[in-house]
Amino acid sequence: MIKKQVFGTHEWADETANCINGCKHDCKYCYSKEMAIRFKRKTPENWKEEEIRYAQLRKNFAKHSGTYMFPSSHDIHPEHLEENIIFLKNLLKSGNKVLIVTKPHIKCIKRICSEFINYKNNILFRFTIGSSNSQTLKFWEPGAPDFNERLESVKYAYNANFQTSISCEPMLDNKIEDLIKIMLPFVTDAIWLGKANFLLRRLKMNGINDFETIKKAIQLIEWQKDDNILILYKKYKHNPKIKWKESIKKIVGIELPLVKGLDV
Ligand code: SF4
C-alpha cells in the first residue's frame, strides 16, 4: 500500500484532542474557523463564542503510543482555563505524551506548569508566535496575547524546566530572523517555520474582506514567494533547532514524512 504524505497537524502529532468549539482569539487566517463555517457548526460572527464540549471533559483516555496535540481547533484562554485543565489532566493521567499548542496567556501557562509539574516529561509546549511585533499579532490575531505576554510565557515554561518549542506558522511578517534570535535561547526543542496557507481563500470563508486585510494578505503572500523562502532556508538550514513545515519543505526539496507525528 502506498503511504500518504503527512502534512498539517499530523506533521507534529498522530492524534489531536479538543474540548471546546470556537475560539476567542479569532485569528483571521484560522483553519478551524474555516472548517467550522464550512460544516455549519459556527458562523463568522459567533466563532469567538467558546462552547464547552462537556462530553469531552468526561472522557477518559487510554494510553496511546504516539502523541496527542492539544488543542488543535481552539486555544487555552483564561476564561475557560479550568475546563482545559480538567481535559488535560484526563489526557496526561494515563501516561500520554501531549504537545500543547497555544498562543500563550501567562496566566494559563503558570497554571499548567504548576498543575502538571509531575508530568513535565510528557509535555512539550509549542507556543505559536508568528511575529515579534505586537501590532502585527493584534492585526491578524485580535483576541490573542501580545508579543510581550507570549515571550514571558515562553521564558516562564523554560525556567520551570518544561520542554519548549515555537510554532512560527504562519509567519506574519518578513522579519522572522528577529523572532528567531529572541526565541532561540528559551527553546529546548525547535522553532517551526511555515507559510500562511490558502490565505485569501481562508479570509473569504472567514468573512473577512476589508481592504486593509486583503492588502496585507497580498503583501504576506509576496513576502512568502519561493525566492524569499529559499533565502530563509539557506540561512537556517544547518541550524538543528529550525524545522520546516510542509509548505516550506515542498519549496526547498525536503521529502515529506510518510508517518504521522514524527515531528521532524
Ligand atoms: S488560536 Fe488557533 S484555533 Fe484559535 S482562532 Fe487562532 S488559529 Fe484558530
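Two strands pair if DSSP finds at least two bridges between them. Helices (H or I, at least four residues) and strands (E, at least two) are DSSP runs, numbered from the N terminus. The model on screen is predicted: local features need pLDDT of at least 70, side-chain atom pairs count only at pLDDT 80 or more, and totals for chains, interfaces and linings use all residues. Residues are numbered from 1 along each chain as its sequence is written.

**The sheet**

Show the strands. There are 7 in an open sheet, in the order S1-S4-S5-S6-S7-S8-S9, and the pairing is parallel. Strand S1 (15-16) and strand S9 (242-244) stand at the edges with a single partner strand each, so one side of each has no neighbour in the sheet.

**Strand S6**

Select residues 123-128, which form S6. Are they buried or exposed? A residue is buried if 20 or more other C-beta atoms lie within 10 Å of its own, exposed if 12 or fewer, and partly exposed in between, with C-beta atoms placed from the backbone. By that rule 6 of the 6 residues of S6 are buried. Ile123, Phe125 and Phe127 point one way from the strand, while Leu124, Arg126 and Thr128 point the other way. In a regular strand the side chains alternate between the two faces of the sheet.

**From S6 to S5**

Add residues 97-102, strand S5, which pairs with S6 in the parallel sense over 5 bridges. Leucine 99 stands opposite leucine 124 in S6, and valine 101 stands opposite arginine 126. Now add helix H4 (residues 106-115): S5, H4 and S6 make a right-handed β-α-β unit. A crossover is right-handed if, with the strands pointing away from the viewer, the path from the first strand over the helix to the second runs clockwise.

**From S6 to S7 and S8**

Select strand S7 (residues 163-168), which is parallel to S6 and joined to it over 5 bridges. Leucine 124 faces glutamine 163 in S7, and phenylalanine 127 stands opposite isoleucine 166. Of the 6 residues of S7, 5 are buried. Next comes strand S8 (residues 191-193), paired with S7 in the parallel sense over 3 bridges. Here serine 167 stands opposite tryptophan 192. Helix H7 (residues 176-183) completes another right-handed β-α-β unit with S7 and S8.

**Helix H3**

Select residues 81-92, helix H3. These 12 residues reach 16 Å from first C-alpha to last, close to the 16 Å expected at 1.5 Å a residue; the expected span is 1.5 Å times one less than the number of residues. Asn84, Phe87, Leu88, Leu91 and Leu92 are buried in H3. Seen down the axis, the buried residues fall within an arc of 130°, so they line one face of the helix. The arc is that of the directions from the helix axis to the C-beta atoms.

**Lysine 155**

Lysine 155 is in helix H6 (residues 147-159). Lysine 155 is partly exposed, because 16 other C-beta atoms lie within 10 Å.

**The ligand**

Finally, select the ligand. Which residues surround the ligand? They are Cys23, His25, Asp26, Cys27, Cys30, Ser32, Lys33, Ser73, His74, Asp75, Lys103 and Glu141. A residue is near a molecule if its C-beta atom, placed from the backbone, lies within 6 Å of it.
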